[in-house]
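This report walks through a few local features of one chain, taking its sheets, its nonpolar cores and a single serine in turn. Please keep the sequence and the structure in view while reading.

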Amino acid sequence: MLAVLVALLCGAAPAGAALGPLAPANPYTAANGAATMHGDAGSSDVSPFPGPGLGAQSVRVATLGAACPTILQGADGIPIALCTAILDRKPTVYELNPDTGLPVASLALPASGNLFGGVYAYLDNNDKLVLFDADGNLVRIGHHDNRLSIDASTPTGATGVVGIVPDWQGRVWFATAEGVTGFVDPDTQQVKTITLGDGTEHVDNSISSAPGGVAVATDHALYLLRANATDNTPRVLWRAPYDRGPARKPGQLGHGTGATPTFFGPRDGDRYLAITDNAVPAEHLLVYDTAGRTPATPLCTIPVLTPGPSGTENSPIGSGTSVFVASTYGYPYPASPSGAEPTDPSSAPFTGGVTRVDLRPGGRGCDVRWQVPVRSAAVPRLDLPDGLLYTISRDSPLGPAATSLLDTYTSVALDTNNGTIVHRQPIGATYASETLQLAPTIVPGRILYQGTVTGITRIAPLGGP
């Protein structure tokens, strides 16, 4: 352990941590790391920037009266947050002061009517925030001297959009909750769509892209799509059904995978594609090889977060030949998406857990490397330079599997070699500090932004940025 701590304090990755490279840089997003909720267009949840580290840290809280799942930052170093107001459920964009994390400007958009609606967006290559509003407009929001404005708006007729990402030609792909996916052409602004499956499949998470295609996970199957070269319409390259289980689980928002698809790989950062299924009692990590035109048997089909029951609403973290999965089974979300079916069982203890799975050489299966009982209350983020996995641990005074309004929240850093917690930083207590399984963002300066149900928490080295 001493050697691990010395390596971390010196800023080096622990020996044997065969992680990386980063996902390919999409030319139509900001640079990797803070361009999307999951870091990059491939949704790897990997940061090229080191996090707050192992020393003393400062914690600053911006209370906004809004849940803030998306905090992004482009080349200009200005943090931009997309939040959902608690009272009227309006998506609201905030520009933050990079030195304090406090808001300097805000812009409210049409109400989505759903606490979890309107949360996915990305920063484009001009540092503009790109998203669909509740009226089906594709908007680009710019920040100009502490002022936010809608700089472009394209009517598309696409309502209920839950996922958005650009491809490598600049098409803005989207997926709706009702299983319609497609794109807005960057040259003509025309909208081209396709319905996935038989029209009964739903999409509950965001979507991802790599040079070879766009990945969408419905509540029945994983799809890889691409624009048809002959008529510029979306087409399905392959469809891979998975075990969706008998019902929605407690701690998940939909009946099916809770994962945004994750591109990763040991050479180019995008050869493999991972999701989790919804099998019972324990769900499985599924990893596919995207090099072929059709998905053969998954390279990896392994139970995770065992012995179960298990489930996750979070996207896997993928880097090199390793995948990290965090449990949300039993997590007490304050609300469910509109029209969501009841869970079975109706509730469950939140025991937590984080698992690392490594692919075998040549993609011949996979193995669990470690599993630890961390009660992760956020989407973990991998700090590639230091070889650390950051998340928020939720602990209750009522017991190791209980939750309450008096719970405490602690930023923890895990050694990726063995899952050992090597640093803890308390960030708050009570419902005001609830991190709601939201994704953090790491930006230059060892700054980590973590959304909460009431605003944004900024964590940085004490005396640093």
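Which residue in E20 does phenylalanine 264 stand opposite? In this model, which is predicted rather than determined by experiment, the residue opposite phenylalanine 264 is tyrosine 272 in E20. E19 and strand E20, the latter covering residues 272-276, run antiparallel and are joined by three bridges.

**Two open sheets**

The pair just described belongs to an open sheet of four strands, ordered E19-E20-E21-E22 and paired in antiparallel fashion. Its edges are formed by strand E19 (262-264) and strand E22 (300-303), each of which pairs on one side only. On average, and with direction ignored, neighbouring strands of this sheet are turned by 20° against each other.

Another open sheet of four strands follows the order E23-E24-E25-E26, with antiparallel pairing. Strand E23 (317-319) and strand E26 (366-372) stand at its edges with a single partner strand each, so one side of each is left without a neighbour in the sheet. Neighbouring strands here are turned by 20° against each other on average, direction ignored. Within this sheet, strand E25 (residues 354-359) runs antiparallel to E26 and is joined to it by six bridges, and threonine 355 stands opposite glutamine 371 in E26. As general background, strands of a sheet pair through backbone hydrogen bonds, in either a parallel or an antiparallel manner.

The two strand pairs are set out below.

| Strand pair | Bridges | Direction |
|---|---|---|
| E19 and E20 | three | antiparallel |
| E25 and E26 | six | antiparallel |

**Nonpolar cores**

The largest nonpolar core has 21 residues, and those with the most contacts inside it are Tyr331, Leu388, Tyr390, Tyr409 and Leu436. Strand E28 (388-395), strand E29 (408-415) and strand E30 (421-429) each supply at least two residues of this core, with E28 giving the most, namely three residues. Apart from this core lies another, of 17 residues, which includes Ala35, Leu109, Ala121 and Ile141. In soluble globular proteins, nonpolar side chains tend to be buried together.

**Serine 47**

Is serine 47 buried or exposed? Its relative accessibility is 0%, and because the cut-off for buried is under 20%, serine 47 counts as buried. Serine 47 lies in strand E1, residues 46-47. Leaving aside residues up to four places away in sequence, serine 47 touches Leu22, Arg381, Leu382, Asp383, Leu384, Pro385 and Ile442.

How values were computed:
Residues are numbered from 1 along each chain as its sequence is written. This is a predicted model: local features need pLDDT of at least 70, side-chain atom pairs count only at pLDDT 80 or more; totals for chains, interfaces and linings use all residues. Side-chain values use heavy atoms; hydrogens and water are left out. Two strands pair if DSSP finds at least two bridges between them. Axes are lines fitted to C-alpha atoms, for helices over the stretch in contact, and angles run from 0 to 180 degrees between N-to-C directions. A nonpolar core is a set of buried Ala, Val, Leu, Ile, Met, Phe, Trp, Tyr and Cys residues joined through side-chain atoms within 4.5 Å. Buried means under 20% relative accessible area, exposed over 50%, partly exposed in between (1.4 Å probe, protein chains only). Contact means heavy atoms within 4.5 Å.
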